[in-house]
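Here are my notes on the structure you sent. They are set out as numbered points, to be read with the coordinates open.

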Amino acid sequence: MNATHQEQVQQQRIFADKCRRLHTYLSNTKFLLQEIGEYNRTKWPVHYPLARIARANQAAVSSSAQASTGLRRTNSMLNSDSTLVDSMAPVPLRRAMTADDFSDTEITNDELRAGVDPDSVGRLLDPSDLSVLKLDLRLSYHSDSDVMGSLEESSIARLFDERLMQCEAHIDKLIARVTDKSSKILVTGDLNAGKSTLVNALIRKDILPFDQQPCTMLFCEVVDASLNGGAEEVHAIPDISAYNRSDASTFAKISMSDLEDIVMENSEHYQQLKIYTNDCHSDKQSLLHNGVVDVALIDSPGLNRDSLKTTQLFARQEEIDVVVFVVNAENHFTLSGQDFLLNAGKEKAHIFIVVNRFDAIRRKDRCERMILDQIRELSPLTYEERGELVHFVSAHEHLADQQNGTSEATSFASMEKCLRSFTLEQRFKSKLAPAQRYAMNVLFDVQYLAAENVATATKRIQEINAALREGMPKYETLLQERTETSRRAEAVLDGSCLEVRRHTTAHLTNTTLHLQDVAEKVSYPGLLSLWSYAESVLLTMVRHLEHEVSECDRFACFTIQQARQELSRLEAARRVLEEATSTRRAHDAPKSNSSFASITAVSDDDSALLKPTATPAAGMWNGDLSASVTASQIASIGSISNELDTIQLELSDFVDLDFSHNWGALTSISASASLTLFASKSMVGNVLTLFKMTSTMGPHTARRLVVATAALVGLGSVFYILSDMDGTVRRKLSSRVSLMLEKEGFVECHAERLTTETSRAIRPFVWHLQHTFQRMVEAEEHRRADHLRRRHIAQDSQIYFDELRAKAQELAGAVRAVSIDANMC
């Protein structure tokens, strides 16, 4: 007896240690999921292999449809081949992972790096076998439904994030269950399966109402009265989360006589009934009052009563340690029962199944074989331990035998003993194993997704590297083209400006030097119209200057046109290069639904960089570049000279006392006269005669002779001046205009003006060409920088998911080690 007590204490100590360890590992698993969710939202959308899962599901549906045996729906009708009929085949059943299944499925990082095919290494890398983190995106069972393949990566990431939060919430419930020292047993099943009768039979009291028709409308929790100070009471609880046995305001006491009406009608809409009762069994036989742990039996509404009750039941089973699933032997497993067991099987590998009303079956062996076949598909581990977990009984018959005082049915006593053993003696299997199973399934799903994302990041890095390598020669070519085009464009601009300056300077300088030649074209009307003649000469000179300036303008326009044509050829070459770049980018961009669609696609910033800007030359590029440039496209000339606008005729323009321009002619005349005089035969005689005459004249006569001579000379001079008046006007005006233009800087001014206008007309084209090239280079650099940024993110993600896989694998090993101890509770 003392040894037995010590053994129980040792088992309790081992169980407490397992609870503590499992609590720690569940918390670590939750933190791991939170870390993944944060990484999924902020850094890297977790890649989810939807396409592969879709293909696997479709293949599974096809193989299931072709199989000769499978689960089909029925309520009470059986067919000859021991199958159940279903009008629409569901996704085939799959065995969930348990702690015993993990020994051969762990994949090391070295194996993955060594190129091990993920699809060939057990469950971990089978995309159709994701257990907990699998996204259910099926809209129908049609094989051509490709909903998963049509979702964008961001939408998948949001769905995955929601799934992670659901898992975190469920882990919180598991932690609460692990830390709770009591055990809760949920008795559930389809309508009218005999759940309430089974609960009454287990406690050997007719507490819960039962009928041939469905009667339970709310959850009824039956616990030992010792938890209520030994008082047998029924508490109707409106809000189960606020319930406190010591606070009467959180519940309503009802009498046993009103219990049936509350259970069947629930007109007050209570959430749950809590029934405190005394068990008639001894501590060694009682399930509620067992002396080891507090146990609660929870009777539930039928699964297929309505969708709300079914949803509540699905949610409630997550808070339960042991599920006792009651099957009507006459109806077997319905679709709602199958769905419930599959959902519960995600964490509970062992489900206690009671096939009730077995006494009503005529061919019991056939019924037992059919139900066990279904259990083998729904819960393989339950089937493997069917001797302890699957029982065929008649609760109503057993309860009647108890009331009549007759001997108890052996089958029911065996079921009751197994349930007590499963709940109390095998507490790890019944209470902790579901939490362990769920945590390991989560961790193995994390390992699979981590391996998938490592492969995705690796592939993405390879694609980015390939894109960078392929784009480097084109990028270098673009840089060279930009430099060469910019140099040529600047050369065109500088050459055009230099040519215009050189031509304008030479042409206008020559024009100012030959103004007098232009004035000679004006006919001289005579001395009486000398003033009008002078005005005509001045006007002719000004018009000639304006004409020559206009000629320089036209030359500048021609030069601008030539430069534009040269620049248009450079622009055409640039557009060809841009089209080739755009074609390459479009060719490199992956398809829209690819998981790598964001690698080589041009971003919105790149597109903005490639758009033409509104420069002064932009409109010129869009027009006819070969059109001639007219002087009107250059800034208005206006007055060619400010001095010429104010020039007036002066008297000095008609008198030219500077005979230097005729000095050569006078010298020639004098020389000719001297030669004629000395060449004459009577030269000596004439000289002697002149001396004789002067010697015989008196002073008065000599003076008169000198005066007469001077008068003759003066008259000759006046005659000469008047006869050369037109030449004098032309010389004086041309000289004065030339001096004025030189003083004003006429030639330099117009050379600078036309050079500036030429530069102003050509420069926008050069700027536009350079700016467009620069934007092409910036777009390419932005694209390359985006590649580098994405590669850096992919590299970080590769490291993160590799470490995540190692952490999940280590944590899974620790969770698995909880069940390896030799002494099992």
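**Notes on the predicted model**

1. Arg-574 and Glu-571 form a salt bridge, with the closest N and O atoms 2.8 Å apart. The two are about one helical turn from each other, because they sit three residues apart in helix 17. Both ends of this bridge are covered: Arg-574 is buried, and Glu-571 is buried as well. The bridge also belongs to a network, in which salt bridges with shared partners join Glu-571, Arg-574, Arg-575 and Glu-578. Please keep in mind throughout that this is a predicted model.

2. The spacing in point 1 fits a general rule. An α-helix has 3.6 residues a turn, so residues three or four places apart point the same way.

3. A second bridge within one helix joins Glu-484 to Arg-487, with 2.5 Å between the closest N and O atoms. Both residues belong to helix 15 (residues 427–513) and are three residues apart, about one turn of the helix. Unlike the pair in point 1, whose residues are buried, Glu-484 is partly exposed at 34% relative accessible area. Arg-487 is partly exposed too, with 48% relative accessibility.

4. Asp-553 and Arg-753 also meet through their side chains, in a salt bridge of 3.0 Å, N to O. Asp-553 is in helix 17 (residues 530–588) and Arg-753 is in helix 25 (residues 746–817), so this pair ties together parts that are 200 residues apart in sequence. Is Asp-553 buried or exposed? Its relative accessibility is 3%, so Asp-553 counts as buried. Arg-753 has 17% relative accessibility; the cut-off for buried is under 20%, so Arg-753 also counts as buried. The count for the whole structure comes to 29 salt bridges.

5. On the aromatic side, the structure holds nine aromatic pairs. One of them is Phe-325 with Phe-333: the ring centres are 5.9 Å apart and the planes lie at 15°, so the pair is stacked. Phe-325 has 1% relative accessibility and therefore counts as buried. Phe-333 is likewise buried, with a relative accessible area of 1%.

6. Which arrangement do the rings of Phe-325 and Phe-340 adopt? Their centres are 5.8 Å apart and their planes are at 25°, so this pair is stacked. Phe-325 lies in strand 7 (residues 322–328) and Phe-340 in helix 9 (residues 335–344), so the pair ties together parts 15 residues apart in sequence. Phe-340 is buried, at 0% relative accessible area. Elsewhere, one aromatic cluster is made up of Tyr-39, Tyr-800 and Phe-801.

7. How many residues of helix 6 are buried? For helix 6 (residues 195–203) the figure is nine of its nine residues, so the element is mostly covered by the cut-off of under 20% relative accessible area. Lys-195, Ser-196, Thr-197 and Asn-200 are among the buried residues of helix 6, as are Leu-198, Val-199, Ala-201, Leu-202 and Ile-203. Arg-204 follows helix 6 and has a positive phi, near 55°.

8. Two contacts join positions that are separated along the chain. Lys-184 lies in strand 1 (residues 183–189) and is partly exposed, with a relative accessible area of 25%. Its C-alpha is 5.8 Å from that of Val-295, although Lys-184 and Val-295 are 111 residues apart in sequence. Ile-351 sits in the loop between helix 9 and strand 8 (352–356). With 1% relative accessibility, Ile-351 counts as buried. The C-alpha atoms of Ile-351 and Ser-430 are separated by 8.7 Å, and these residues are 79 residues apart along the chain.

9. The last point concerns the surface. Asp-258, Glu-260, Asp-261 and Glu-265 form a negative surface patch. Asp-258 is in helix 7 (residues 256–265). With 38% relative accessibility, Asp-258 counts as partly exposed.

Note on methods
Residues numbered from 1 in each chain as written. Predicted model: local features only at pLDDT ≥ 70, side-chain atom pairs only at ≥ 80, totals over all residues. Heavy atoms only, no water. Patch = residues over 30% accessible without salt bridge, like charges linked within 9 Å, V, L, I, M, F, W, Y side chains within 5 Å. Areas by Shrake-Rupley, 256 points an atom, 1.4 Å probe, with all protein chains shown as cover. Salt bridge = Lys/Arg side-chain N within 4 Å of Asp/Glu carboxyl O. Lys, Arg positive; Asp, Glu negative; His and termini not counted. Charge placed at Lys NZ, Arg CZ, Asp CG, Glu CD. Helix = DSSP H or I, 4+ residues; strand = E, 2+ residues; numbered from the N terminus. Buried < 20%, exposed > 50% of the residue type's maximum accessible area, 1.4 Å probe, protein only. Phe/Tyr/Trp six-rings, centres within 6.5 Å; stacked < 30°, edge-to-face > 60°.
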